[in-house]
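Biologist: Hello! Could you walk me through this structure, one question at a time?

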Amino acid sequence: MKIFEFRYLGMLTLIVILGFLTVYPLGMILYGSFRSEAPGVPSVFTLQGYIDGYSDPTIIKALGTTLALGITRTIITMILAVFFCWILIRTDTPMKGTMEILMWINFFIPILPMTMGWILLLDPSYGLFNVWLQKLPFI
């Protein structure tokens with residue numbers, strides 16, 4: 001068995017691209033958080049932004065509100081999820097199949113606009129990028 005096989009090259013390439021697209025913006029945010037001026041302006045590295053942010057008295061209230069909302073919404077969601085799962089699995093409720101499909105749709109709806117966007121950009125017939133590429137003289 002070979003250590004490197006050619007069929008894994010595409011997967012490795014995608015992992016490297018995904019890693020770059022994930023790590024680079026986070027790194028730039030972290031880098032920019034220590035700068036004292038806007039990008040393009042000479043500046044020094046400082047912790048003043050963190051000191052100002054965490055010494056603000058309203059930050060405790062904001063963190064408390066965020067934590068309270070997160071806990072409250074999680075508890076409500078878990079109660080509803082267990083209730084609906086119990087109804088679907090343990091009872092003989094009418095329209096059981098419809099309810100199950102609606103719950104699955106809940107998982108797919110957030111990804112639907114992104115999928116439509118990629119289709120509009122990369123469709124072979126009318127995708128924006130492909131239309132632009134077809135206008136190039138060598139394609």
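**A friendly tour of the model**

Modeller: Happy to! Pro124 is exposed, because its relative accessible area is 62%. Please keep in mind that this is a predicted model.

Biologist: Where is the place of Pro124?

Modeller: Look along the chain for helix H5, which covers 112–122, and for helix H6, which covers 128–134. Pro124 has its place in the loop between H5 and H6.

Biologist: What distance separates the C-alpha atoms of Pro124 and Tyr31?

Modeller: Along the chain, Pro124 and Tyr31 are 93 residues apart. In space, their C-alpha atoms are separated by 39 Å.

Biologist: Is Met95 buried or exposed?

Modeller: Met95 lies in the loop between H3 and H4. Its phi is near 60°, a positive value in a residue other than glycine. The relative accessible area of Met95 is 60% and the cut-off is over 50%, so Met95 counts as exposed.

Biologist: What about Met114: which accessibility class does Met114 count in?

Modeller: Met114 is found in helix H5. Its relative accessibility is 46%, and values from 20% to 50% fall in between buried and exposed. Met114 therefore counts as partly exposed.

Biologist: Which helices each supply at least two residues of the nonpolar patch?

Modeller: The nonpolar surface patch is about 1,100 Å², and Met114 is one of its residues, with others including Trp104, Trp118 and Trp132. The helices that each supply at least two residues are H4 (96–108), H5 (112–122) and H6 (128–134).

Biologist: Which element gives the largest share of the lining of the largest pocket?

Modeller: The largest pocket has a volume of about 170 Å³. Two elements give two or more residues to its lining, helix H3 (58–90) and H4. With 5 residues, the largest share comes from H3.

Biologist: How many residues in the lining of the largest pocket are nonpolar?

Modeller: Among the lining residues are Ala81, Phe84, Leu88, Glu100 and Asn106. By class, 1 is polar and 1 is charged, while the number of nonpolar residues is 7.

Biologist: How far apart in space are Trp86 and Tyr54, C-alpha to C-alpha?

Modeller: Trp86 is found in helix H3, and Trp86 is partly exposed, with a relative accessible area of 49%. In sequence, Trp86 and Tyr54 are 32 residues apart. In space, C-alpha to C-alpha, Trp86 and Tyr54 are apart by 44 Å.

Terms used:
Residues are numbered from 1 along each chain as its sequence is written. This is a predicted model: local features need pLDDT of at least 70, side-chain atom pairs count only at pLDDT 80 or more; totals for chains, interfaces and linings use all residues. Side-chain values use heavy atoms; hydrogens and water are left out. Patches are made of residues with over 30% relative accessible area and no salt bridge: like charges are joined within 9 Å, nonpolar side chains (Val, Leu, Ile, Met, Phe, Trp, Tyr) within 5 Å. Accessible areas come from the Shrake-Rupley method with a 1.4 Å probe; for residues, only the protein chains shown count as cover. A salt bridge is a side-chain nitrogen of Lys or Arg within 4 Å of a carboxyl oxygen of Asp or Glu. Helices (H or I, at least four residues) and strands (E, at least two) are DSSP runs, numbered from the N terminus. Buried means under 20% relative accessible area, exposed over 50%, partly exposed in between (1.4 Å probe, protein chains only). On a 1 Å grid over the protein atoms alone, a cavity is a set of points where a 1.4 Å probe fits but cannot get out, and a pocket is an open set with protein on both sides within 12 Å along at least five of seven lines; lining residues have an atom within 4 Å of a point. Grid points are joined across faces, edges and corners, and a volume is the space filled by probe spheres set on the points. Ala, Val, Leu, Ile, Met, Phe, Trp, Tyr, Cys and Pro count as nonpolar, Asp, Glu, Lys and Arg as charged, and the others, Gly among them, as polar.
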